[in-house]
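The report below follows a single chain from its confidence values to its strands, cores, one helix and a few loop residues. Please read it beside the sequence and the coordinates.

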Amino acid sequence: MKRVALIAAVLIICTLAGAQDTIPKRSFGAAYTTSPPVIDGSVQDEAWQAGTWQGEFTQFEPSNGAPPSQKTEFMVLFDDNNVYVAIKAYDTCTDSIVRRISRRDNGDGDFVGIAFDSYHDMQTGFVFFANVAGVKNDFIWSRDGQVEDDTWDPIWFTGSGMYDWGWAAEMRIPLTQLRFRITEEGVWGMEVFRSIFRSQEMSVWQHIDRNSSGLVHNFGRLTGMTGIKPKKQADITPFVVGSLETFDREDGNPFATGTAWKYNGGIDAKFGITNNMTLDLTVNPDFGQVEADPSQVNLTAYETFFEEKRPFFIEGNNITSFRTGLGDGDLGFDNLFYSRRIGRSPHLWADTEDNEYARMPRVTPIISAAKLTGKTPDGLSVGIVEAITAEGRAEVDSLGERTLQTVEPLTNYFVSRVMKDFNGGKTIIGGALTNTHRFFDNTGIDGLVRNANTAGLDFTHYFGEERKWFVSATTAGSNLTGDATAIEKLQRSSVHYFQRPDADYVEVDPGRTSLNGFGGNVQTGKVGGRWNFMAFGYWKSPGLDLNDVGYLQNADAIITGLWTAYSFDKPFSIFRQIRPNSNFWTGWDFGGTHLFTGGNLSLYVQFKNLWWTNFGGNYEGSSISNNLLRGGPSMLHPSNISGYFNLGTSTSKKVYATIWANGGRGGENSSERYSAGINFTAKPGQSFTATISPSWSGNRNDIQFVTHTDDGDRYILARIDQQVVSMSLRMNYNITPDLTIQYWGQPFLAAMDYSRYKAVTVPGAERLDDRYHLITESETGYDEVDNRYLIDENLDGTVDYSFDNPDSNYDQFLSNLVLRWEFMPGSTLFLVWSQTRSYDDSTGSFSLEQNLNNLYTTKKPYDVYLLKFTYRFGLR
C-alpha cells in the first residue's frame with residue numbers, strides 16, 4: 001500500500017511539474033482580394049501593399065519561446081478560387097541565406113511555410129513549405145501532428161525572391177486542393193513557420209511548447225474565411241510507357257533472346273466527390289520509374305518488410321493504415337493493410353520438365369484500383385481501397401509448343417478504414433475492415449487461402465486541455481477460409497508453427513477449412529512535457545493471420561512493457577538538447593510459457609555546433625524460442641547483450657557525415673556480430689548533392705538453423721560466419737525544381753560459410769553444449785555431385801540422414817537513373833535506366849576482389865531503358 005501511494009505521489013508531482021499555463025491563441029484576419037497577386041516572388045504587388053502584415057514570431061527550437069534571431073512577417077489573402085500567402089523573411093546577413101535547388105518534398109536550405117487546419121478539428125493540418133529557390137514541400141498532418149503524410153502532392157504555385165533585406169515567398173493555393181469546413185464564423189486553425197538553415201533555428205507565429213503532446217491543437221486562428229464555396233477537383237492523367245530490356249541470351253531458351261521491347265498505357269484520375277472526399281482511380285498502372293528495393297540477405301523464417309514506393313498506394317496511406325503493432329521495430333510493422341500485397345510477385349512457380357522453359361511474370365498485373373479518402377466536417381475520416389489484380393500466368397515452352405500455367409489467381413482486395421473525432425479530437429474512435437478474395441475456378445491451384453477477412457476497432461482518449469495524458473486500445477480479428485490443403489499449409493507456416501511437438505495448446509488439424517485469430521494492444525501514459533512515459537500490452541493469438549492484405553511476422557505472443565524518456569530541451573553549456581530514454585519488455589506465449597525479458601538504455605545529445613550523437617545498449621536474458629527450430633520444439637536461447645553508437649556532424653554544412661557502429665554478443669559465446677558504416681554527403685553548389693554510404697557487417701552465430709531432415713527426426717543447426725559489404729551511392733542534380741536527375745546505385749556482397757553442424761537433442765538443457773550433438777568429421781560424408789552432406793551418427797556404415805550444403809555467396813548490383821521533368825503541374829516525363837547484376841554460388845568464402853569480379857564479369861546485366869509520359873487534363 002505504501003508503494004502504491006508513493007508511485008501516485010510521484011506521478012502527481014511530475015504532472016504538476018510538467019503543467020504549464022495555457023498559451024493564448026493569436027488571430028489573423030484574412031482579407032478578400034479582387035486583384036490577386038502574381039506569384040513570382042515579388043511582394044510589391046498592390047494586393048500585398050493594401051493588406052496587413054503580422055509578425056512577432058517566437059522560437060520553436062533551439063530556445064523554445066525565446067525571441068527569434070531574425071524578423072518574419074506574413075499576410076494571407078483569398079478570393080473565390082484561391083488562398084494567397086506572402087511571407088517576408090528578413091535577414092541581417094543576406095549573404096548567409098542558403099539557397100538550394102532540390103526535388104519536390106526534399107526541400108533544402110532556408111524555407112518558410114504555412115499550415116491550415118481548415119477543418120478546424122484540432123487534428124488535421126495541410127502544410128505548404130517553400131524554400132529560397134522556390135522548391136515545394138507539402139504534406140498532411142493527422143492525429144494532431146503525430147502522423148505525417150508527405151506523399152500528398154497537391155497542385156499549387158509558389159515563387160521566391162531575394163531582397164537587400166532578406167527574401168520572400170509567395171504562394172497560391174487553389175481551394176480545390178484544400179478540404180475545409182464551411183461555417184458562418186469562417187475560422188480555420190493556422191500556423192506559420194520559418195527555418196534558418198545555417199543555425200537550424202525554427203520560429204513560429206503561434207508559439208507552441210516543443211514538449212506539447214501535439215501540434216495542430218496548438219495552432220493560432222485564421223479568421224475571415226467567409227463566403228468561400230467548396231471546389232471539387234477533377235483531373236484525368238493518361239500515360240504511355242515504352243521500354244527496352246536487354247539481358248543474357250540463353251541458347252535454346254526461346255524466352256531468353258537477349259532483348260525484349262514492351263509498351264503499356266493506362267489512366268490515373270482524381271475526382272472530388274465532395275469538397276472533403278477525393279476519389280483516386282488507376283487503370284492498368286505502371287510503376288517502372290519506382291526505385292528498386294535495396295538488397296538484403298534474410299536468414300530468418302520471416303518475411304522481410306519493404307516500404308511502399310508506388311505513388312498511388314503511398315498517398316493517403318496514413319488514413320488507410322490500421323496498426324495492431326507497437327513501436328518502431330518489427331512489432332511496429334503489424335498492420336491490417338500492407339499495400340505491397342497488391343501487385344505482389346506470384347505465390348507459385350511454373351512447373352517445368354526437361355527441355356521446357358518458362359517465362360514468369362515478375363509481379364502480378366493490377367487491372368485497376370480505386371481509393372476514396374477524406375474527412376467530413378463533423379470529424380469522420382474515411383479511407384477505402386478497392387483493387388483487382390489479374391490472373392498471373394507463366395508461359396511454358398516445350399519444344400516449340402506453348403502452354404499457360406496460372407501462378408497467381410485473379411484476386412480482389414478491399415480495405416476500409418474509418419475514424420471519428422469527438423470533443424475537438426480528444427477522443428477518437430475508429431474501425432477497419434479488409435477482405436481478400438481469390439478466384440480459383442479452372443486454375444488448378446490449391447494451397448492458397450480463398451477468402452480472408454480482418455476487422456478491427458481502436459480508441460484513443462487524451463486528458464486535459466494540454467492533452468498530455470492518454471489511453472488507447474486496439475483490437476483486431478482475422479478469419480481465413482480455404483480448402484484443407486491451404487489451411488494446413490497456413491497452420492505449418494512460420495507465422496503459426498502449430499506443428500510444434502511440445503505445444504499442447506495448438507495442433508495441426510489437416511481437416512480444417514478455416515483459421516481464426518485475434519489480437520490487439522492497450523497503451524497509457526504521458527506524452528506532453530519534458531518527462532514522457534508509456535505502459536503497454538500487446539497480444540496476438542496463435543491463429544491470428546493478417547498476411548493476405550496486411551502484415552504480421554508471427555502470432556502467438558503476449559508482450560508487456562514500459563517506456564520512459566526525459567527531454568532537456570533548453571540549451572546550456574555546449575549542449576543544445578539531451579534526451580535519455582529507457583525501455584523494458586517481457587513476453588509469454590498463449591500456452592503460458594514465459595519467453596523473454598529485456599530492456600535498454602539510450603541517450604541522444606545534440607550540441608550547440610549542431611553535431612549530434614546517440615548511443616545505447618540492450619540486454620535480453622536467456623529466453624525460450626518457439627521458432628528457432630522452425631516448427632520443432634521450443635529451445636532455450638542464450639542471453640544477448642548489444643550496443644550501438646552514432647555520431648553526426650552538422651547538416652547545415654556543405655559537407656557532413658554520420659558514422660555508426662554496433663555490436664552484440666550472445667551468452668555462452670554463442671554468437672557475436674559487429675557492423676559499421678559511414679554516410680558521407682557533399683553539396684557543392686546550389687543544385688548537386690551526392691551521398692555515399694559504405695558499410696560492413698560480420699556475424700558469427702553457433703546456432704543458426706539449417707534444416708529439418710526429411711525423416712523428421714533431426715533439427716540441424718550450424719555455426720555461420722557471415723560477411724556483408726555494401727555501398728550505396730545517391731546523386732541528385734536539380735536543374736530546376738521541376739527538372740531533376742537522380743541516380744542510385746548499390747553493390748551488395750554477401751558470403752555465408754557454415755561449419756560445426758549440430759543435431760538438436762535436448763533443446764531445453766541448461767548448458768548450450770548439452771542441447772545438441774556436435775556432428776564430427778568421422779560421422780560426415782560429402783556427395784560432391786549433389787552438394788549434400790551425408791551423416792552417419794552411429795558409425796554403422798549406413799547414412800542416417802542427409803542435407804544440402806548451405807554455404808552460399810550472394811552478390812548483387814542495383815542501380816536506377818531517372819530524369820524527371822514536370823513540364824506542367826501534374827504532367828511529367830520520365831526517362832529511366834535501371835540495371836540489375838546478380839551472381840551466386842555455393843562457396844561461402846568472401847573475397848572483396850573475387851566477389852566484385854564475379855558480379856561484374858560473369859553475366860551480362862539486366863538493363864531496362866524506359867520512357868514514361870503522363871499528361872494531366874484538369875476538368876475543373
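How many of the residues of strand 6 (residues 111-117) are buried? In this predicted model, 7 of the 7 residues of strand 6 are buried, so the strand is largely enclosed by the rest of the structure. Buried here means under 20% relative accessible area, exposed means over 50%, and partly exposed is what lies in between, with a 1.4 Å probe and protein chains only. Helices (H or I, at least four residues) and strands (E, at least two) are DSSP runs, numbered from the N terminus.

**Basis and confidence**

Residues are numbered from 1 along each chain as its sequence is written. Because the model is predicted, local features need pLDDT of at least 70 and side-chain atom pairs count only at pLDDT 80 or more, whereas totals for chains, interfaces and linings use all residues, and side-chain values use heavy atoms, with hydrogens and water left out. The pLDDT, which is the predictor's confidence in each residue from 0 to 100, has a mean of 91 over the chain, and 97% of the residues reach 70 or more. Over residues 1-21, however, pLDDT stays under 50, and the model has 9 contacts beyond four places in sequence for them, a contact being heavy atoms within 4.5 Å.

**Strand 6 and its partners**

From strand 6, Phe 111, Gly 113, Ala 115 and Asp 117 point one way, while Val 112, Ile 114 and Phe 116 point the other way, and all are buried. Two strands count as paired if DSSP finds at least two bridges between them. Strand 6 pairs with strand 7 (residues 125-131) in the antiparallel sense over 6 bridges, and Phe 116 has Phe 126 as its bridge partner there. Strand 6 also pairs with strand 12 (residues 188-196), again in the antiparallel sense, over 7 bridges, and in strand 12 Ser 195 stands opposite Phe 111.

**An open sheet**

An open sheet of 5 strands runs in the order 2-4-5-11-10, with mixed pairing. Strand 2 (31-32) and strand 10 (157-163) stand at its edges with a single partner strand each, so one side of each is left without a neighbour in the sheet. The pairing of strand 10 with strand 11 (residues 166-174) is antiparallel and extends over 7 bridges, with Gly 159 opposite Glu 170 of strand 11.

**Nonpolar cores**

A nonpolar core is a set of buried Ala, Val, Leu, Ile, Met, Phe, Trp, Tyr and Cys residues joined through side-chain atoms within 4.5 Å. The largest one has 44 residues, and those with the most contacts inside it are Val 76, Val 83, Phe 116, Phe 128 and Met 190. Two or more residues of this core come from each of helix 2 (46-50), strand 4 (72-78), strand 5 (82-90), strand 6, strand 7, strand 11 and strand 12, and strand 5 gives the largest share, 6 residues. Another core, of 20 residues, lies apart from it and includes Phe 322, Ala 432, Phe 536 and Trp 585. Residues up to four places away in sequence being left out, Val 83 touches residues including Val 76, Phe 116, Met 171, Trp 188 and Met 225.

**Helix 6**

In helix 6 (residues 848-857), the buried residues are Asn 851, Asn 854 and Leu 855. They cover an arc of only 95° around the axis, which puts them on the same side of helix 6, the arc being that of the directions from the helix axis to the C-beta atoms. Glu 849 and Thr 857, on the other side of helix 6, are exposed. The buried residues of helix 6 pack against strand 40 (739-760), strand 45 (808-824) and strand 46 (827-841).

**Loop residues**

Glu 61 and Pro 62 are joined by a cis peptide bond with omega of about 10°, and Pro 62 has its place in the loop between strand 3 (58-61) and strand 4. Positive phi values occur at Asn 442, about 60°, and at Arg 467, near 55°, neither residue being a glycine. The table places three loop residues.

| Residue | Loop between | Relative accessibility |
|---|---|---|
| Asn 442 | strand 24 (427-439) and strand 25 (451-463) | 84%, exposed |
| Arg 467 | strand 25 and strand 26 (469-481) | 5%, buried |
| Ser 573 | strand 29 (557-566) and strand 30 (575-588) | 55%, exposed |

Ser 573 and Phe 607 are 34 residues apart in sequence, and their C-alpha atoms are 9.1 Å apart in space.
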